[in-house]
Amino acid sequence: MPKQDTRSSNDPFKAPATALRGVGPSLAQRLQKLGIEKVQDLLFLLPLRYEDRTRITPLGSLRSGDHAVIQAEVQLTEVAYRRRRSLLVSLHDGTGWLTLRMFYFSRSQQAALKPGTLIRAFGEVRRGPSTLEMIHPEYQMLRDSEAAPMEDSLTPIYPSTEGLQQARLRSLVEQALSRLKQGGLPDLLPPLEVDGHNQPTLAEALLYLHRPPPDARLDQMASGAHPCQQRLAFEELLAHQLSLRKLRERIRRGRAAVLKPDRDLSDAYISSLPFSLTGAQDRVVGEILHDLARGEPMMRLVQGDVGSGKTVVATAAALAAVGSGHQAALMAPTELLAEQHLATLRGWLEPLGLEVGWLSGRSRGKEREQMLEQLASGKCKLVVGTHALFQDDVHFARLGLAIIDEQHRFGVHQRLALKQKGERGELQPHQLIMSATPIPRTLAMTAYADLDCSYIDERPPGRKPVTTVAIPESRRDEIVARVQRACAEGRQAYWVCPLIDVSENLEAQAAEETASLLAEALQGLRVGLVHGRMKPADKEKVMSNFSQGTIDVLVATTVIEVGVDVANASLMIVENAERMGLAQLHQLRGRVGRGLAQSACVLMYKSPLGETARSRLEVLRSTDDGFVVAQRDLELRGPGEVLGTRQTGLMQMRVADLIRDAGLLPEVQQVAAKLAVESPERSEALITRWIGQADQYGEV
Ligand code: ADP
Ligand code: MG
């Protein structure tokens, strides 16, 4: 076979869809809505499901719910007026009876369906008032049953869009398939064996999936487990993996400052902490310091469950930057969390003579100007803040390290934009990304293939797992009594009010009401309130009162979700837990269990519970492990949701499904590693085939 040039401009598969017979500008536009621009895209538009029109089902063996082809003789045709005027055609084939029911029909149609006519119809079978029925089936009248051939393969049903008929799509795919049969779509995968069997070639797999033989196993195909589907999923995952590797290499090619901690400063920091690092913290700090000293930009993701102690680790990294005469910036997604980091870092570092700067969206006037000046001059070595840190008018003299907390709130593109912020000539800043929403490893491999991952998989010692219970709202009194008891023992409690999507105002209002009701019910206890509508200074005051213990019960909206840290709080009450996501609930629960006391989390819900809500609450009751929670969350919600909408672009695959096909990933990674080195051209062709010229992970 002659060697195929995959780049040739007269490649029959790279031609625009308009090269196909019958495709004009308006059809081309509709096809675009399905993501089809080139002929090849039609090949990768796989059917959603299949219908079996290869054989005739006797009427006697039809069951309600079947999609079937039947063939029978008209016995009687009549117009019925009961409820809705309809044309009823009674059919019989010697084995049973079936009625065709039509609400829209013409006089000539009615006349043509006279008794004795032989009909072949395809449709869904339903139970009718007296017999099984098909409503508005596709049908044809047969002169001679021998002359009407049956389909010889299963009939594919494609994902479609308005104004694009299945029959039209099928015939377009047919044209693409006939080009495929002539060859010319090169197989880019190295020959693979799965369980000792050769995998089908690309062309075999595509032909099979578009036109499966009558004996194809539909159950297997519906679950995506058919070898032909797996063959394509493998190739697609491989293309994504290769593209991410490319991105990663481009990043690695950059240079970064060599950051080495100043021994004295770092030792002073570690020994001033009121605890010693856990083994996991120690290991992760080591991984980070190793990266920072290499002169290549670090891109490391630190995953650690809530309360695993990521802040200490981030601070150690920041000190490495500061110790080598560079700047470090720590960005948090909310004001509240940023403020708390500021307080924590100031508490640790100011005694060591290191000042910590502050820049948030609320920094104004002179304060802001001064901060900008200090960042630009390099006087401020370490700054904590929100998104405000990375706005256009912020300039750093020597940003060596950017730390992003609670990374799941930021997307890939923001991550890359942030990196540009600190570029100076050739040098790029190092990046440390911290997430308390663990991403299951399988997903991380793809979603974060451009990052190195570290896991803080150990909790600080002495923590007891949080006991979690779900209690209906009707037992509110009991819950209030429980709060009373905890506080009587000197503990503190959070009471989280429902999330109200529609407005922050309503949310704040609900929280205010709850706070005053609780203040009344909990005589003698000090009840505080924080919500998103409060002035930052007021919020800060309440939070600091709570952390100093002058407030017993903190009523809050979900603003406390991330990062807030008060070790004496041992009880977390969450109202309307049924409306919250798993990750969010796990985060809230992580606010307690930080001290030595046995802590509890009470998930209040409104009955009756829906099925998903029930499984969510059940997951939380059964495990305290963030990684297990994340895995279940992924199964319940799918990768797009788990990673946040900004990152769903990453997950737009045509054939593969990250959950269903997770088992393929280890081998995909191996093959990618090999292919990238041994056949860069093939790698390139695979990326182009599946992802396109400008790969979707963007230029760096
Ligand atoms: P997260 O990983 O959720 O960001 P934090 O950094 O807020 O966790 O740490 C949670 C709490 O645990 C803080 O009060 C912190 O001071 C404390 N902590 C962190 N590391 C340790 C440790 N090794 N031993 C004891 N307590 C620790
Ligand atoms: Mg944190």
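Helices (H or I, at least four residues) and strands (E, at least two) are DSSP runs, numbered from the N terminus. This is a predicted model, where local features need pLDDT of at least 70, side-chain atom pairs count only at pLDDT 80 or more, and totals for chains, interfaces and linings use all residues. Residues are numbered from 1 along each chain as its sequence is written, chains are lettered from A and ligands numbered from 1 in the order in which they are written, and side-chain values use heavy atoms, with hydrogens and water left out.

**View 1. The whole chain, before zooming in.** The protein chain carries 23 helices along with 25 strands. Of its 700 residues, 53% are buried (buried is under 20% relative accessible area, exposed over 50%, partly exposed in between, with a 1.4 Å probe and protein chains only). Take the contacts (heavy atoms within 4.5 Å) between residues at least 6 apart in sequence: 75% of them join residues at least 24 apart.

**View 2. A cis proline in the loop between β25 and α19.** Here the peptide bond joining S607 and P608 is cis, with omega at about -10°. P608 sits after β25 (600-605) and before α19 (611-622), in the loop between the two.

**View 3. Two loop residues with positive phi that aren't glycines.** R83 has a phi of about 55° and belongs to the loop between β2 (67-80) and β3 (86-92). R83 is exposed, at 91% relative accessible area. H136 comes in at about 40°, in the loop that connects β6 (132-135) and β7 (138-142). With a relative accessible area of 34%, H136 is partly exposed.

**View 4. Y455 and F627, a tilted ring pair.** The structure has 5 aromatic pairs (rings of Phe, Tyr and Trp, the last by its six-membered ring, pair if their centres lie within 6.5 Å; planes under 30 degrees apart are stacked, over 60 edge-to-face, and the rest tilted). In this one the ring centres of Y455 and F627 are 5.8 Å apart and the planes meet at 50°, so the pair counts as tilted. The partners are 172 residues apart: Y455 is in strand β19 (residues 452-456) and F627 in helix α20 (residues 626-637). Y455 is buried, at 10% relative accessible area, while F627 is partly exposed, at 25%.

**View 5. Arginines over phenylalanine rings.** The charged end of R53 is 3.9 Å from the centre of the F122 ring and sits over it. R84 does likewise with F103, lying over its face at 4.2 Å from the ring centre. (A charge sits over a ring if NZ of Lys or CZ of Arg is within 6 Å of the ring centre and within 35 degrees of the ring normal.)

**View 6. Helix α23 and its neighbours.** In α23 (residues 680-690), the buried residues are S683, A685, L686, I687, T688, R689 and W690. They pack against α2 (39-43), α5 (202-210), α7 (227-253) and α22 (665-678). Just past the end of α23, G692 adopts a positive phi of about 105°.
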